[in-house]
Amino acid sequence: MAESIRITTPFTEEMSRKLKAGDSVLITGTIISARDAAHKAMTEALAKGEPLPVDWHDQIVYYLGPTPAKPGDPIGSAGPTTSGRMDAYTPTMLEQGIKGMVGKGSRSAAVVESMKKNGVTYFAAVGGAAALIAKSVKKYEVVGYPELGPEAVAKLTVEDFPCIVVIDSEGNNFYEMGQKPYRKL
């Protein structure tokens, strides 16, 4: 297996465009967690002309609903949630400057087109490895919509957060590439 590419946030469009589907990545810095309830609240706020709880420019969003932390830990299990839940909101959110998304599962054609337009990378975190992923989270701080509980918008300080580029900024899809050799013609 190839060596992991190390990324330090903020995550710019230039950085995003260098990554290719299938690249193994370790992220260090700040990423922002938000799930479907937060995405709905943010798109509604934008429609009303209201400010968002964070500046999304050059940020990575992690589709996460963490479990409660044990005493002394910043976060409980921190596995990815299914990204398709955010697809209805994603093009609007990418227009806010997000350059990376972390989740699991495939994305809609509309999301992939918006990714290509905005120079965005979609990463997969390994589902089922939530306890392991949590070890890379050094700090967890709610910064918006605290009433949403584990779906609130939060800043995570991470060190060597492991993920794989699933869909790159050109729309190349590692899920499809990985299956291709096994499909019958």
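What share of the contacts in the protein chain with a separation of 6 or more comes from residues 24 or more positions apart? Here are some notes to help you find your way around.

1. That share is 62%, where a contact means heavy atoms within 4.5 Å.

2. Please keep in mind that this is a predicted model, in which local features need pLDDT of at least 70, side-chain atom pairs count only at pLDDT 80 or more, and totals for chains, interfaces and linings use all residues. Residues are numbered from 1 along each chain as its sequence is written, and side-chain values use heavy atoms, leaving out hydrogens and water.

3. You will find six helices and seven strands in the protein chain; these are DSSP runs numbered from the N terminus (helices: H or I, at least four residues; strands: E, at least two). Their order along the sequence is β-α-β-α-β-α-β-α-β-α-β-β-α.

4. Two aromatic pairs turn up in a search of the whole structure. Rings of Phe, Tyr and Trp (its six-membered ring) pair if their centres lie within 6.5 Å; planes under 30 degrees apart count as stacked, over 60 as edge-to-face and the rest as tilted.

5. Phe-11 and Phe-123 form a tilted pair, because their ring centres are 5.7 Å apart and their planes stand at 55 degrees. Phe-11 sits in the loop between β1 (5–8) and α1 (13–18) and Phe-123 in strand β5 (residues 121–124), so the pair ties together parts 112 residues apart in sequence.

6. Tyr-62 and Phe-161 have ring centres 5.0 Å apart and planes at 75 degrees, so this pair is edge-to-face. Tyr-62 belongs to strand β3 (residues 60–62) and Phe-161 to strand β7 (residues 153–167), 99 residues apart.
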